[in-house]
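Student: I've got a model open and I'd like to learn how to read it. Can we go through some features together?
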Amino acid sequence: MLYYLYEMNHAALAPWRAVADAGISFWRSPANPLSTTQLGRSWAASLELFERTTRRYAKPEFGITDTIVDDDLVAVEEEVSLKKPFCTLVNFRKLWDGKRKQHKLLIVAPMSGHYATLLRGTVEAMLPHYDVYITDWVDARTVPLLEGSFDLDDYVDYVTEFLRHLGPDTSVMAVCQPSVPVMAAVALMNAAKDPAAPRTMILIGGPIDTRRNPTAVNRLAEEKGMDWFRNNVIMKVPAPHAGMMRDVYPGFLQLGGFMTMNLDRHIDAHRELFWHLVEGDGDSAEKHREFYDEYMSVMDLTADFYLQTVEKVFVTHDLPKGTLTHRNSRVDPSKITQTALMTIEGERDDISGVGQTEAAQDLCSNLPKEKKLHHLQPGVGHYGVFNGSRFRKEIVPRIVAFVNKNADDRTSQKPAANGRPKTA
């Protein structure tokens, strides 16, 4: 019933949001002599805050139109490389002559509530160096029941299929949640001596072994138990969505969890937005809008995938214990002998604790030492480990150097002379 109440509340507020929009136009109109007064700006700011806090945020766009490669400005075009019911493989194709070739990089975005556009900065930073692809996961409430279910096994199958679609001379990067299914896919491909197994696997802030330095998120999963999650957070998609009657973990619940973890910070941010608008500080207000347009945009997850992830990754720790299976076949990370491994963590990460991603280094026990690298980035939290200035200046050059070291010489690209990636 909670999902239905959420939809009803959203519909009931729609007329009031329309009134708020009209009011914002009135109080900001140049024809209104009060628009430049503190009274006018206060009314406009109040109405904008109401509209933004009651809005359903649509999926953002990547909006990447160009990049810089070897001091050349190169146009970029989004192209669908492969389409599946629950995911679209998107390629950021560079519009240059066909003679220039770059090593392929598959970025596996987290399927954890936010859209893949959360990794826009990650894509922008890697574009100068590689032919970049990303998994653009689909909102489960938009997928009809006729398309079947989607669970953790399907996730591993998708990653495997995407790597085979891209072929040899490909590397894979998993950001946060997909670290476990990506590692499982790579382990199975190495065990089968699949020629499409990636040259390098980069795991960033992922929950490989949440027994190490557990965070509040990890402890919550263990304390509540699986029955609590099944009974309290799994709901059916209501009409008129295309995925009606599908069991999901709703995005609005996920967002509520994120917001309550740092509620004071979010309240302060919106209070500051109000005063920025009243004072006419347009730049600061626009930065707030850009961040929260992305942060508040969420998607539903299929119940099967969500519950299996909570149980196998956060409660029973199947991968580090050696009990993780994929379609009744055991996943053995020690079988990874050809794919180089790089793990990256943030010193202040409060979602994936320090040591949880590095655990992958121990699990890949038969991988030669020269094919392993771990980096702990000082001074960054969870989001700073895959986005932001320190990611671009300190982490990306290390990724580029390690990937190029293990890539095919015919397709590897050298980093910029100053060791830093170039961005448009």
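Student: What should helix α14 span at 1.5 Å a residue?

Tutor: The expected span is 1.5 Å times one less than the number of residues. Helix α14 covers residues 389-406, so its 18 residues should span 26 Å, and its end C-alpha atoms are indeed 26 Å apart. Helices here are DSSP runs of H or I with at least four residues, strands are E runs of at least two, and both are numbered from the N terminus. This is a predicted model, where local features need pLDDT of at least 70, side-chain atom pairs count only at pLDDT 80 or more, and totals for chains, interfaces and linings use all residues. Residues are numbered from 1 along each chain as its sequence is written, and side-chain values use heavy atoms, with hydrogens and water left out.

Student: Where is the kink in α14?

Tutor: A bend at a residue is the angle between axes fitted to the seven residues ending there and the seven starting there. In α14 there is a kink of about 40° at Ile395, shortly before Pro397.

Student: Which elements do the buried residues of α14 pack against?

Tutor: Buried means under 20% relative accessible area, exposed means over 50%, and partly exposed is in between (1.4 Å probe, protein chains only). The buried residues of α14 include Phe391, Ile395 and Pro397. Their packing partners are α3, β6, β7, β13 and β14, with contact meaning heavy atoms within 4.5 Å.

Student: Is Ser149 buried, exposed or partly exposed?

Tutor: Ser149 is partly exposed, because its relative accessible area is 47%. You'll find Ser149 in the loop between β5 and α4. Leaving aside neighbours within four places in sequence, Ser149 touches Phe86, Asp154, Arg246 and Asp304. Ser149 also lies 9.0 Å from Ala303, C-alpha to C-alpha, although 154 residues separate the two in sequence.

Student: What about backbone angles?

Tutor: Most residues other than glycine have a negative phi, and most peptide bonds are trans. Lys193 has a positive phi of about 55°, and Lys193 sits in the loop between α5 and β7. Lys193 counts as exposed because its relative accessible area is 71%. Asn328 has a positive phi too, near 70°, and is located in the loop between β11 and β12. At 79% relative accessibility, Asn328 is exposed.

Student: Which peptide bond is cis?

Tutor: Look at the bond from Ala239 to Pro240, where omega is near 10°. Pro240 is in the loop between β8 and β9.
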